Amino acid sequence: MPPFTSPPLPPSPSLQGTLYPDVIESCPPPGSGQKHSHTIKSHHNVGGLPADLKFTLIEPLRALFKDEVRALGRLPALNVPEAFIARHPFPGPGLAVRVLGDVTAGDALTTLRAVDEIFIECIKDAGLYDKIWQAFAVFLPVRSVGVQGDQRTHSHVVALRAVTSADGMTADWYPFEASFLRAASARICNLVPAVNRVVYDVTSKPPSTIEWE
């Protein structure tokens with residue numbers, strides 16, 4: 001009797017939170033049967049996967065906009081915590097897409113992570129988190145001259161971005177009070193020594209996108 005060999009296992013499934021805006025803004029690969037004229041966002045799930053996947057891809061939310069996904073999540077039968085549903089969107093590749101220029105764990109990412117945490121804390125402390133669709137910081141590939149005490153500094157510049165939206169296809173920048181921006185900027189520069197200048201993005205979508213990448 002020949003030795004027993006187990007049958008090959010089917011490819012392991014992989015779950016992605018792809019939404020319909022991802023499909024619209026990413027140019028699908030050839031042969032996908034989907035046609036879009038331009039690739040707007042290169043980091044979305046849709047545009048970065050090889051044709052010969054070694055696993056089964058499951059995308060249950062692919063045909064829905066973000067507001068529709070949130071409405072689905074609020075169905076009583078699912079019992080999803082509201083804090084989870086209302087959480088701001090976050091890019092799949094993580095903070096790397098918010099670093100313009102070289103991505104370095106020791107400098108850019110460390111600085112950006114600290115700035116982003118302070119910015120979100122300021123928003124939550126002001127009771128504004130649920131009024132904003134998405135908020136985050138961007139690390140810029142430039143340095144600027146500053147002053148600390150009586151010493152010259154030549155440190156990093158970061159941009160803050162906060163928008164309101166319904167489905168992510170269009171967005172308006174959030175009109176923070178000047179006092180909020182003043183306090184957030186001061187807190188960032190005081191707590192993150194690598195940063196000496198903070199700017200706020202006041203561009204809507206379109207002509208910009210929400211993320212800077």
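**Exercise 1. Helix H2**

Task: The buried residues of H2 pack against which helix, and which residues are they?

Solution. This is a predicted model.
Step 1. The buried residues of H2 pack against H3.
Step 2. Those buried residues are Lys-66, Val-69, Arg-70 and Gly-73. They span an arc of only 100° around the axis, so they sit on the same side of H2.
Step 3. The spacing fits a general rule. An α-helix has 3.6 residues a turn, so residues three or four places apart point the same way.

**Exercise 2. The overall layout**

Task: Find how many helices and strands the protein has, and the pattern they follow.

Solution.
Step 1. Count the elements: there are five helices and six strands.
Step 2. Read along the sequence. The pattern is β-α-β-α-α-α-β-β-β-α-β.
Step 3. Turn to burial. Of the 213 residues, 37% are buried.
Step 4. Look at the surface. About 12800 Å² is exposed, and carbon and sulfur atoms supply 59% of it.
Step 5. Check the contacts between residues at least 6 apart in sequence. Of these, 63% join residues at least 24 apart.

**Exercise 3. A nonpolar patch**

Task: Name the residues that make the nonpolar surface patch of about 450 Å², then place Leu-75.

Solution.
Step 1. The patch is made by Leu-72, Leu-75, Leu-78, Val-80 and Phe-84.
Step 2. Leu-75 lies in the loop between helix H2 (66-73) and helix H3 (82-85).
Step 3. Leu-75 has a relative accessible area of 43%, so this residue is partly exposed.

**Exercise 4. The loop before H2**

Task: Is Pro-60 buried or exposed, and which residues does Pro-60 contact beyond its neighbours within four places in sequence?

Solution.
Step 1. Pro-60 is found in the loop between strand E2 (56-58) and H2.
Step 2. Its relative accessibility is 55%, so Pro-60 counts as exposed.
Step 3. Beyond those neighbours, Pro-60 is in contact with Leu-15 and Gln-16.
Step 4. Pro-60 and Gln-16 are 44 residues apart in sequence. Their C-alpha atoms are 8.0 Å apart in space.

**Exercise 5. The cores**

Task: In the largest nonpolar core, of 29 residues, find which residues touch the most other members.

Solution.
Step 1. Those residues are Ile-123 and Phe-176.
Step 2. Several elements give two or more residues to this core: helix H4 (105-125), strand E3 (134-148), strand E4 (151-164), helix H5 (178-191) and strand E6 (195-200). H4 gives the largest share, nine residues.
Step 3. Leave aside the neighbours of Ile-123 within four places in sequence. Ile-123 then contacts Leu-128, Tyr-129, Ile-132, Ala-135, Phe-176 and Phe-180.
Step 4. A second, separate core has nine residues, including Trp-133, Phe-136, Val-157 and Val-163.

**Exercise 6. Salt bridges**

Task: Find which residues are linked with Arg-187 in a network of salt bridges.

Solution.
Step 1. Arg-187 and Glu-121 meet in a salt bridge through their side chains, at 3.1 Å from N to O. Arg-187 lies in helix H5 and Glu-121 in helix H4, so the pair ties together parts 66 residues apart in sequence.
Step 2. Arg-187 also forms a salt bridge with Asp-125, with the closest N and O atoms 3.7 Å apart. Asp-125 lies in helix H4 too, so this pair ties together parts 62 residues apart in sequence.
Step 3. The network therefore links Glu-121, Asp-125 and Arg-187.
Step 4. Compare exposure. Arg-187 is partly exposed at 29% relative accessibility. Glu-121 is partly exposed at 31%. Asp-125 is exposed at 63%.

Methods. Residues are numbered from 1 along each chain as its sequence is written. This is a predicted model: local features need pLDDT of at least 70, side-chain atom pairs count only at pLDDT 80 or more; totals for chains, interfaces and linings use all residues. Side-chain values use heavy atoms; hydrogens and water are left out. Patches are made of residues with over 30% relative accessible area and no salt bridge: like charges are joined within 9 Å, nonpolar side chains (Val, Leu, Ile, Met, Phe, Trp, Tyr) within 5 Å. Accessible areas come from the Shrake-Rupley method with a 1.4 Å probe; for residues, only the protein chains shown count as cover. A salt bridge is a side-chain nitrogen of Lys or Arg within 4 Å of a carboxyl oxygen of Asp or Glu. Helices (H or I, at least four residues) and strands (E, at least two) are DSSP runs, numbered from the N terminus. Buried means under 20% relative accessible area, exposed over 50%, partly exposed in between (1.4 Å probe, protein chains only). Contact means heavy atoms within 4.5 Å. The arc is that of the directions from the helix axis to the C-beta atoms. A nonpolar core is a set of buried Ala, Val, Leu, Ile, Met, Phe, Trp, Tyr and Cys residues joined through side-chain atoms within 4.5 Å.
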